[in-house]
Structures are given as structure tokens and as C-alpha cells.
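Trainee: Please give me a close look at one part, the ligand site. Then work outward from there.

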Amino acid sequence: MNGKVFVVSGPSGVGKTTLIRKALENLDSIYYSISATTRPPREGEVTGRDYYFITDKEFDRLLDSDAFLEWENVYGNRYGTLKSEVEKAKRLGKDALLELDVKGALKVKSKITDAALIFIMPPSLEVLEKRRRARGKDEGNIEERRSLATKEIQQGGSLFEFVIVNDEIERASKELEKILKGEIQKKH
Ligand code: 5GP
């Protein structure tokens, strides 16, 4: 049976990573795809677990060798999904879960048409900004971030199959888990 590709997206700072990690605790059959990025690691982040933290030169080299399924520039840093990560999921007999910005998610959907797109929505833009500040995710200028988040929320709400409001982490992660399990069941 072919592996399914899940793409979880949402504005930067909405809490995607925490939600995903929680939902995947009970889902051994899903492999979390690790992206490559030129962004420096934040405190506590580990290469090979959170991202492959690489230099600009290494990113260029991967681009040259056509190693990416998709890549994007987000607030001045480059992020890319490695084809080898999706292949790894397949090799392990697992489904793959990609955590991407909205542009990247739509790009993946254009290439893998049966990918399931899940959007994580903040309860409001104000809450999103507060969370970003609290978590030190203040890259880019405020206006730029606000307009990108607004655009992403519009696109996510209309183009994605599933929308989860991250109002409360326990509830929202359970909802994500339920969606993932439901989609896995549909395969059988
Ligand atoms: P952060 O720097 O906060 O970890 O991520 C910034 C944004 O980049 C988030 O929206 C995250 O989902 C997105 N992102 C992470 N990895 C990738 C990737 O491989 N491709 C794309 N297009 N976006 C990514």
C-alpha cells in the first residue's frame, strides 16, 4: 500500500510543532519529515531531530542536485523538504508528515495530488502575535509578518481540507490525531 503524505501548515508561531509532536505520540505509523534549513538553531533545537541545520552553501548544493520536493524562503531563511525524507517514510512502510508554510504546502499538493492538507488556525491574529513574542519567534518585521499571516489564514481556510483552531493544545492535538487516524483508516 502506498504511503500517504500529510501536510500540516499554518502561520509561523501558531504552534504547529507542539501539536504535531503530541498527536504523533500515539501514531507510530507516521514518519515526521525533517526539513533542511539555513536558519540557525534556536535554543534546545537539535540537528537531525528538529531540522537539518545547514549552511547557505550546502543548501545551494542540495538545490543543484535536485534534492528538494519543494523549498521556500521564509523571513529571510531557506527551508526545504528533502525528497529523501519522503522516501525514507516509504522505505519504513510509514506515512509521511510534512510541516510547511502555506506556499510549500500548496506546492506539495500540486505534485502529490492525494496529499492531505491540514491547516492550523490561530484563535485570532492578536493571539498569534502574542504567542510569537512569547516564544521568541520575532524574525522579520511586524508588518511583514502580519500581512503574511493574514494571507496564509485566508488561503488555509479556503484551500485546505482540514482546519483545526489551536485554541487549546490538548483539545487541538486530539483533533489532529483523530484526523490523521481517520485518513489512515480510509486507506484500508
Ligand atoms: P520556524 O523557523 O519557525 O521553525 O519555521 C518557519 C516556517 O517555515 C514555519 O511556517 C514552518 O512550518 C516552515 N517550514 C519548515 N520547514 C519547511 C520546509 O521544508 N518547507 C517549507 N516550505 N516551509 C517550511
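Mentor: A residue is near a molecule if one of its heavy atoms lies within 4 Å of it. By that rule, 17 residues surround the ligand. The closest are Ser35, Arg39, Tyr51, Glu70 and Tyr79. This is a predicted model: local features need pLDDT of at least 70, side-chain atom pairs pLDDT 80 or more, and totals for chains, interfaces and linings use all residues. Numbering starts from 1 along each chain as its sequence is written, and side-chain values use heavy atoms, without hydrogens or water.

Look at the make-up of the shell. Eight of its residues are charged, five are polar and four are nonpolar. (Asp, Glu, Lys and Arg are charged; Ala, Val, Leu, Ile, Met, Phe, Trp, Tyr, Cys and Pro nonpolar; the others, with Gly, polar.)

Next, the polar contacts (N or O atoms paired within 3.5 Å). Ser35 places a polar side-chain atom 2.6 Å from a ligand oxygen. Arg42 also has a polar side-chain atom facing a ligand oxygen, at 3.2 Å. With Asp101 the ligand atom is a nitrogen, 2.8 Å from an N or O atom of the side chain. On its own, the ligand has 510 Å² of accessible area (Shrake-Rupley, 1.4 Å probe). The protein covers 96% of that area.

Where does the shell come from? Strand E5 (68–74), strand E6 (77–82) and strand E7 (95–100) each supply at least two of its residues. (Strands, E, of at least two residues and helices, H or I, of at least four are DSSP runs, numbered from the N terminus.) Follow these strands into their sheets.

Start with E5 and E6. They belong to an open sheet of four strands, ordered E4-E3-E6-E5, with mixed pairing. (Strands pair if DSSP finds at least two bridges between them.) Strand E4 (52–53) and E5 stand at the edges with a single partner each, so one side of each has no neighbour in the sheet. Strand E3 (residues 36–37) runs parallel to E4, and two bridges join them. One partnership is Thr37 with Phe53 of E4. H2 packs on this sheet and touches E3, E5 and E6 (contact: heavy atoms within 4.5 Å). The direction of H2 makes about 40 degrees with that of E6. (Axes are fitted to C-alpha atoms, for helices over the stretch in contact; angles run from 0 to 180 degrees between N-to-C directions.)

Two loops here deserve a look. Asp66 sits between helix H2 (56–64) and E5. Its phi is near 60 degrees, positive although Asp66 is not glycine. Tyr75 lies in the loop between E5 and E6. Phi of Tyr75 is near 45 degrees, again positive in a residue other than glycine.

Now E7. It is part of an open sheet of five strands, E2-E7-E1-E8-E9, paired in parallel. Strand E2 (30–32) and strand E9 (162–165) are the edges, each pairing on one side only. Neighbouring strands are turned by 25 degrees on average, direction ignored. Strand E1 (residues 5–9) and strand E8 (residues 116–121) share four bridges. Val8 has Ile118 of E8 as its bridge partner. Helix H3 (residues 83–91) packs on this sheet and touches E1, E2 and E7, at about 155 degrees to E2. Helix H7 (residues 169–187) lies across E1, E2, E7, E8 and E9, at about 160 degrees to E9.

Definitions and conventions
Polar contact = N/O pair within 3.5 Å; in protein donor to acceptor, adjacent residues only side chain to side chain.
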